[in-house]
Amino acid sequence: MNKVKSLATKDLLGLKDLSLEDLNLIFQTAESMKEIFNRPIRRAPALNGKTIFTLFYENSTRTRSSFEMAAKMLSATTGSISAATSSAKKGETLIDTVKNIEVMGIDAIVIRHSMAGAPHLIAKNLKASVINAGDGCNEHPTQGLLDIYTMLEKRGTVKGKTVLIVGDIAHSRVARSNIWGLTKLGAHVIVCGPPTLMPAGIEQMGVEVSSNLDDVIGEADFINVLRIQLERQEKGLFPSKEEYTRLFGIDAARMQKAQKDVVIMHPGPINRGVELSSEVADGPYNVILDQVKNGVAIRMAVLFLLLGGKNGGE
Ligand code: CP
């Protein structure tokens, strides 16, 4: 990486507003980052001297740890705050919190928040780069990027391929980021789930809509199975878990209707036996742990492209 490249934007807030050029630049850069990841000593000096903070107001296993690992592999200094143990519990506002963190000398904040638009709000108030690690039901851009990167790795392209996204589309930031990114790259996206969990006007995002999984499962090159977000359900929208599993769960019997080489994906955490049976989650077509591994390379690429170009990177 002799020639330092950077994204056109200060922040990564979503895939909706990310250009096709920046989307492709992230995927190309992730290839180089994967090479660092695969070295015996997983370390490069690209972000030496940079400081990256993770600020999570919601729980996380994969996203937070992979951002922290990505930052460390590029030699950045890292810090973290969980809302549960922060002064947010004493009533400090989000803006006050991030301004206090910024003056400690940070270059980027990675934030997850239950409020859609929280990263956009703080991005307007900070000079530091802001990376959205999931904002309410709006977007989870690095999850969308790692999902698409995994599809590219498995099939070479997504252009002309059919991606079936199954589950609670209304509450899914993963679905939205996948849709924005995949449609820009020329994929055919089908969203499938209970009509009560399908946002009105979703067709305007350029997707096909179905409420009958058995009708559409055979069309898919990739099936991205969403987690049922019981914590975000409003009363009356969600059928019983048993009913949901019968109509929208992916199990071995339903896989009989899918293409023989279909790729099964899930952002995690999995509700085993609800949206995905263990037989399928651990079966030959799943790439779920590849997604997690690729998440480190994607987050290295995003950090590098946002921060590496500012003072010359490596
Ligand atoms: N996929 C995802 O965002 O996982 P975590 O909630 O564990 O970060």
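**The ligand site and a cavity**

Let me begin with the residues around the ligand, meaning those with a heavy atom within 4 Å of it, which are N59, S60, T61, R62, T63, R112, H140, Q143, P267 and G268. This is a predicted model, in which local features need pLDDT of at least 70 and side-chain atom pairs count only at pLDDT 80 or more, while totals for chains, interfaces and linings use all residues. Residues are numbered from 1 along each chain as its sequence is written, and side-chain values use heavy atoms, with hydrogens and water left out.

By class, that shell has seven polar residues, two charged and one nonpolar, where Gly counts as polar, Pro as nonpolar and Arg as charged. At least three of the shell residues come from domain 1 (20-139 + 293-307), and at least three from domain 2 (141-291), with bounds taken from an automatic or database domain assignment.

Turning to polar contacts (pairs of N or O atoms within 3.5 Å), a polar backbone atom of T61 is 2.7 Å from an oxygen atom of the ligand. On P267, a backbone N or O atom lies 2.8 Å from a ligand nitrogen atom, and for G268 the corresponding distance to a ligand nitrogen is 3.3 Å. Taken alone the ligand exposes 250 Å², of which the protein buries 91%, by the Shrake-Rupley method with a 1.4 Å probe.

Methods. Polar contact = N/O pair within 3.5 Å; in protein donor to acceptor, adjacent residues only side chain to side chain.
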